[in-house]
Amino acid sequence: MKKKKVLFIVLFVFLVIVLLGVINFFVNPILTLKNKKTIYLEVNDNYKEYGYNLVGLKTSSVIINNNVNNKKIGTYEVTYKYKNKTKKRNVVVVDTISPEITLKGDNPSYVCNYDTYVEEGYEVSDNYDEVSDLKVITYTIEDTKIYEVLDTSGNKKVVERKLIKKDTEKPTITLTGGSDVTIYKGNSFDDKYSAFDNCDEDLTKEVKVMGNVDTKNVGVYNLTYEVIDKSGNKTTAKRKVTVKEKKMYTDSVIYLTFDDGPSSSVTPYILDILKKYNIKATFFVVGTTNNDSLIKREFDEGHTVGLHSYSHKYSIYKSSDTYFNDLQKISDKVYNITGQRSMIIRFPGGSSNTVSKNYKEGIMSYLTTEVEKRGYTYFDWNVGSSDTETNSAKETCNNVKKRLGRGTNVVLMHDYSSKTSNIEALECIIKYGLDNGYSFDKITYDTKVIHHNVAN
């Protein structure tokens, strides 16, 4: 009887323990993670939640905190919390993808020699790193140019460019003076050209010229230039040479005039060119440039120093007094520099200017008559260079060339500080004038006056 009682007590205790375990199982569920505790995620890939297991009586949901940044390499935690239970999963964002390198140009590339290969370029990119963070190494092994690029995660990409010794490029022919040349009958034709090859370099002596130019007879002559490099690549070029009659304006004079100077950046070079060709010109000077030595040089080298304005402000047209006060001021300055009183003048804007209307109606009609009464001789111009509208020496020269004619040609140009293009333009104008029989002279009191129609 005793044994039965003891057995009953043991059984009862066992059942209580089991019952308490079952109750604890359902009241306090077991929380476990699905998949591995550490997950590796490729940078830029979206993180996929692998979930959890919760076994037991569920009275509330599990709270998940996720701080994974899939755009940045690093280790992040995902926490799972249920009441007082917490589980953690590590998410490691990694970069295992190699960068890319794209070769520009040709592959294979043809070269004269392996060591003369000129890099055609390449572009690199990476799924994670900036281009500036990518390390690129290039080197050549015999006939192969190798490019290696390494990203900051240690991923490497290698590409190769094959080099083949072969000259596939044609040489080039450069015709000095261009492919369309015009010369005057009787002048010599200096046929200059050069040839260059990427492998054979200077081939000028190998150029064959077919055709000829008869400079004694007017006509159009065609020349053909041919050169072949050592690899058999051939290049041809053509030039048209026009021989024409020279128009001789032996009865015509060009008067070169320069307004608004002198300036240290332009005038000395203008004077040098005039001296080179032994040509005299006329300078209508202003008083505010503080270049007295250049005015003295103009005078000493035999040019005409004319009066333009001391201030070159159009407000001098407010009245006859303001105009003549300004004129007297520049006149005195020139006299003090040269020792000679100049009476040759040019109105700012010319006698036909209309800006003077903004200051006084009819002022130019009065001044053009009054200056002559006071002994001055004023000059306008009949050949405009339009140099204030362009900084192209060629355009300025062409403007003058097409406007020149027979008789008196008074050319308007400028030598203020920003007109450096007129240095080259001047030589172009002089050469054209001399080639076509013009003579050059400075304005004097005996020069035929050129006047515009007064518009105010």
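**Exercise 1. Two cis prolines**

Find where Pro-262 sits, and state which bond precedes it.

*Solution.* Pro-262 is placed in the loop between strand E20 (253-261) and helix H2. Helices (H or I, at least four residues) and strands (E, at least two) are DSSP runs, numbered from the N terminus. Next, take the bond. Gly-261 and Pro-262 are joined by a cis peptide bond, with omega about 5 degrees. Then turn to Pro-108. Its loop runs between strand E7 (100-103) and strand E8 (109-111). Asn-107 and Pro-108 are also linked by a cis peptide bond, and omega is about 10 degrees.

Two points on the source. This is a predicted model, in which local features need pLDDT of at least 70, side-chain atom pairs count only at pLDDT 80 or more, and totals for chains, interfaces and linings use all residues. Residues are numbered from 1 along each chain as its sequence is written, and side-chain values use heavy atoms, with hydrogens and water left out.

**Exercise 2. The buried side of H3**

Identify the buried residues of helix H3 (residues 292-300) and explain how they are arranged.

*Solution.* Start with burial. Buried means under 20% relative accessible area, exposed over 50%, partly exposed in between (1.4 Å probe, protein chains only). In H3, Leu-294, Ile-295 and Glu-298 are buried. They span an arc of only 105 degrees around the axis, so they lie on the same side of H3. The arc is that of the directions from the helix axis to the C-beta atoms. The general rule helps here: an α-helix has 3.6 residues a turn, so residues three or four places apart point the same way.

Now look for the cover. It includes helix H2 (267-276), strand E21 (282-286), strand E22 (304-309) and helix H4 (320-338). Contact means heavy atoms within 4.5 Å. Finish just after H3: Gly-302 has a positive phi of about 90 degrees.

**Exercise 3. Strands around E15**

Trace the pairing partners of strand E15 (residues 193-197).

*Solution.* Two strands pair if DSSP finds at least two bridges between them. Take strand E13 (residues 172-175) to begin. E13 and E15 pair in the antiparallel sense over four bridges. Thr-174 faces Ser-194 in E15. Move on to strand E16 (residues 201-202). E15 and E16 run antiparallel, joined by two bridges. A hairpin of three residues connects E15 to E16. Asp-197 stands opposite Glu-201 in E16.

**Exercise 4. Positive phi outside glycine**

Give the phi of Glu-201 and of Asn-35, and place each residue.

*Solution.* Glu-201 lies in strand E16. Its phi is near 60 degrees, a positive value in a residue other than glycine. Asn-35 also has a positive phi near 60 degrees. Asn-35 is in the loop between strand E1 (30-33) and strand E2 (38-42). Asn-35 counts as partly exposed because its relative accessibility is 47%.

**Exercise 5. Who lines the second largest pocket?**

List the residues nearest the centre of the second largest pocket, then sort its lining by class.

*Solution.* A pocket is an open set of points on a 1 Å grid over the protein atoms alone, where a 1.4 Å probe fits, with protein on both sides within 12 Å along at least five of seven lines; lining residues have an atom within 4 Å of a point. The lining holds 13 residues, with Ser-109, Tyr-110, Val-111, Glu-169 and Asn-198 nearest the centre. By class, five are nonpolar, four polar and four charged. Ala, Val, Leu, Ile, Met, Phe, Trp, Tyr, Cys and Pro count as nonpolar, Asp, Glu, Lys and Arg as charged, and the others, Gly among them, as polar.
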